[in-house]
Amino acid sequence: MALRWVSGMRGESRMLEPGVAQARRPSLIGYLNIIYPNKIQIIGSEELNYLDGLDSRQRWEVMHKIAAYQPVALIVTKDQAVPADLREVAEETDTPLWISPKRGHELLTYLQYHLARTLAAKITLHGVFLEVFSIGVLITGEAGSGKSELALELISRGHRLVADDATEFTLIAPDVIDGSCPELLQDLLEVRGLGVLNVREMFGHMSVKTSKYLRLVVHLKPLRDSELNLDAGGDALTRLTGDIGHREVFDVKVPMITIPVASGRNLAVLVEAAVRSHALKSKGIDPAQTFIDRQAHQLRRLPPW
């Protein structure tokens, strides 16, 4: 943004706290507002013209009122001349005063985007986060269920790793959750028996991705000895539709598919099929419902008993 600090340098310790983003007022950033002041006030041509239109007494009161709210910073746009009295007030009150060659709407758009992401709610979830067929998939399960081995096989099949073991998720919009990898774990995948692997070095730069939106959770559920007979006591409807539910992350319901883990099952193929099926359902194509509708139609055609 080519910002330059012109006054109020003793205010360098002022900070934006994450909690401020959730409060109704003051807002994080906006054009000069005296009634509902922003934490970062942008002063453009119109705002400077407004100050110039005030008499000396009103101008002094307005400037001190702005400083009294202790904004994080004031930004003058388009390299405009900064009034001397504004510099003096900023210096007296330790209010950071910056100047930028950018236009006001450019500063507003840039800062709103980056501050919203930086101060958004964050959570760390256990599991392996991958991009499978361009869809962000979080693979979860208890320890020893084979998450890392499954991730390794999916990567070898051309899919991409985002994060292993601890994925940081950020709520960047009311229904959009972005997942990324902590810097400490970047490009690394831990597989039992092999230790820590560097996926980028082993499979190339296209095998990893810095971030991805969370769209699907795949939960691995190991089958116990008593559950190996899938036909015994199973839910008939689940056999048709699959074990589908949802997991709440930041109060957002993320679709979740539970896959039973048993010896001989090709989990990589099952996960790919689950992702393809999820993509179809997102477009309104549900094979299970199609089959149920066909069966109902067939029953209606049969003669009465």
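These legends go with close-up views of a predicted model.

**View 1. Two domains make up the overall layout of this protein.**
The domain assignment gives domain 1 as residues 4-119 and domain 2 as residues 122-296. If you mark the C-alpha centre of each domain, the two centres lie 45 Å apart.

**View 2. Helix α3 has buried residues on one side.**
Start with helix α3, which runs through residues 84-93. Here L86, V89 and A90 are buried. They sit on the same side of α3 because they cover an arc of only 100° around the axis. It helps to recall that an α-helix has 3.6 residues a turn, so residues three or four places apart point the same way. What do the buried residues of α3 pack against? Their partners are the strands β1 (4-7), β3 (40-43), β4 (73-76) and β5 (97-99), together with helix α2 (56-68). Follow the chain just past α3 and you reach D94, which takes a positive phi of about 55°.

**View 3. S148 and E190 are listed by UniProt under "binding site".**
This listing comes from an unreviewed entry. Although the two residues are spread over 43 residues of sequence, they cluster in space, with a largest C-alpha distance of 6.6 Å. Look for S148 in helix α5 (residues 147-156) and for E190 in strand β12 (residues 188-191).

**View 4. The surroundings of S148 and E190 include a contact between the two.**
Is S148 buried or exposed? With a relative accessible area of 13%, S148 counts as buried, because the cut-off for buried is under 20%. E190, in contrast, is partly exposed, at 37%. Setting aside residues up to four places away in sequence, S148 touches V128, D164, L189, E190 and V191. With its neighbours within four places left out in the same way, E190 is in contact with S148, D164, G195 and V196. You can therefore find D164 in both lists of contacts.

**View 5. H159 and E272 are joined through their side chains.**
H159 belongs to the loop between helix α5 and strand β9 (160-163). Although it is in a loop, H159 is buried, with a relative accessible area of 6%. Which residue shares a polar contact with the side chain of H159? The partner is E272, whose side chain makes this contact at 2.8 Å. Leaving out residues up to four places away in sequence, H159 touches E131, V132, F133, L154, S207 and E272.

Conventions
Residues are numbered from 1 along each chain as its sequence is written. This is a predicted model: local features need pLDDT of at least 70, side-chain atom pairs count only at pLDDT 80 or more; totals for chains, interfaces and linings use all residues. Side-chain values use heavy atoms; hydrogens and water are left out. Buried means under 20% relative accessible area, exposed over 50%, partly exposed in between (1.4 Å probe, protein chains only). Helices (H or I, at least four residues) and strands (E, at least two) are DSSP runs, numbered from the N terminus. The arc is that of the directions from the helix axis to the C-beta atoms. Contact means heavy atoms within 4.5 Å. UniProt positions are given in the numbering used here, feature names are shortened, and annotations may be inferred rather than shown by experiment. Domain bounds come from an automatic or database domain assignment. A polar contact is a pair of N or O atoms within 3.5 Å; within protein, one must be able to donate a hydrogen and the other to accept it, and residues adjacent in sequence count only if both atoms are side-chain atoms.
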